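Colleague: Hey, got a minute to walk me through this one? I'd like to know what sits inside and where there's room left over.

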Amino acid sequence: MSSSTPTLSSELSDPRPSPTPPERPLAEVCAHFAAADEAHRTYPVVDGAGALVGMVSRSDALRWQRGPNVGADILADKVSDTSIPIGHPDDTVGHIADIMIATDAARIPISDPITGTLVGLVTRKDLLRLRQSHKSAELERRPYLGRMR
């Protein structure tokens with residue numbers, strides 16, 4: 001595998017993306033995002049078999065809080081969507097970056113192409129960290145390789 005085209009499974013995807021179940025009450029989801037110590041802005045919604053159902057974000061929760069019947073709905077009523085941009089473990093980092101740009105998504109869930117099981121989550125921050133590590137490696141090699149003409 002070349003270092004110029006890393007795959008997600010080898011370098012990038014977080015194997016534990018903190019999923020939430022689709023049966024979770026919407027009021028509980030809204031309260032979770034309202035908590036002052038909440039670190040994440042988006043969570044994957046995963047069913048009992050581990051398959052990706054959708055994504056839920058802090059902005060979704062804020063919008064739902066203002067709506068009627070928040071206490072009567074569950075998360076599955078709001079996030080079931082088959083048009084979620086996804087990646088697969090063997091996709092290159094460049095491909096995931098292209099998906100992010102094309103869909104304006106800050107987080108791309110990574111799922112097994114056969115089972116649909118969620119196996120990771122890639123964020124823009126992950127891509128930037130990978131870029132920084134590659135840039136640092138280049139800077140370390142430059143004195144040994146001499147100036148390029």
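**Pocket and core chat**

Modeller: Sure, let's begin with the open space: the largest pocket has a volume of about 450 Å³. Keep in mind that this is a predicted model.

Colleague: Which residues are closest to the centre of that pocket?

Modeller: Thr42, Met55, Val56, Ser57 and Asp60 are the closest to the centre, out of 22 residues that line the largest pocket.

Colleague: And which helices and strands supply at least two residues of the lining?

Modeller: Strand 2, helix 3, helix 4 (76-79) and strand 3 (107-111) each do that.

Colleague: How many nonpolar, polar and charged residues does the lining have?

Modeller: The lining of the largest pocket has 9 nonpolar residues, 6 polar ones and 7 charged ones.

Colleague: OK, new topic. How many residues are in the largest nonpolar core?

Modeller: That core has 13 residues. Val29, Phe33, Val45, Val56, Trp64, Leu75 and Val79 have the most contacts inside it. Helix 2 (26-34), strand 1 (42-46), strand 2 (52-57) and helix 3 (58-65) each supply at least two of the core's residues.

Colleague: Which element gives the most?

Modeller: Helix 2, with 4 residues. In general, nonpolar side chains tend to be buried together in soluble globular proteins.

Colleague: Let's zoom in on Val29. What does Val29 touch, not counting residues up to four places away in sequence?

Modeller: Val29 touches Arg24, Val56, Ala61, Trp64 and Leu75. There's also a second, separate core of 10 residues, and Ile96, Ile99, Met100 and Ala105 are included in that one.

Colleague: Switching again: how many aromatic pairs are there?

Modeller: The count comes to 1 aromatic pair. Phe33 and Tyr43 form this edge-to-face pair, at 5.8 Å centre to centre with 65 degrees between the planes.

Colleague: Why does it count as edge-to-face?

Modeller: Because planes over 60 degrees apart count as edge-to-face, and here the angle is 65 degrees.

Colleague: What does the pair tie together?

Modeller: Phe33 lies in helix 2 and Tyr43 in strand 1, so the pair ties together parts that are 10 residues apart in sequence.

Colleague: Is Phe33 buried or exposed? And what about Tyr43, buried or exposed?

Modeller: Phe33 is buried, as its relative accessible area is 6%. Tyr43 is buried too, with a relative accessible area of 9%. The cut-off for buried is under 20%.

Colleague: Last one: how many residues apart in sequence are Tyr43 and Met55?

Modeller: They're 12 residues apart in sequence, and 5.8 Å apart in space from C-alpha to C-alpha.

Note on methods
Residues numbered from 1 in each chain as written. Predicted model: local features only at pLDDT ≥ 70, side-chain atom pairs only at ≥ 80, totals over all residues. Heavy atoms only, no water. Core = buried A, V, L, I, M, F, W, Y, C linked by side-chain atoms within 4.5 Å. Buried < 20%, exposed > 50% of the residue type's maximum accessible area, 1.4 Å probe, protein only. Contact = heavy atoms within 4.5 Å. 1 Å grid on protein atoms, 1.4 Å probe; cavity = no way out; pocket = protein on both sides within 12 Å on 5 of 7 lines; lining within 4 Å. Points joined across faces, edges and corners; volume = space filled by probe spheres on them. Nonpolar A, V, L, I, M, F, W, Y, C, P; charged D, E, K, R; others polar. Phe/Tyr/Trp six-rings, centres within 6.5 Å; stacked < 30°, edge-to-face > 60°.
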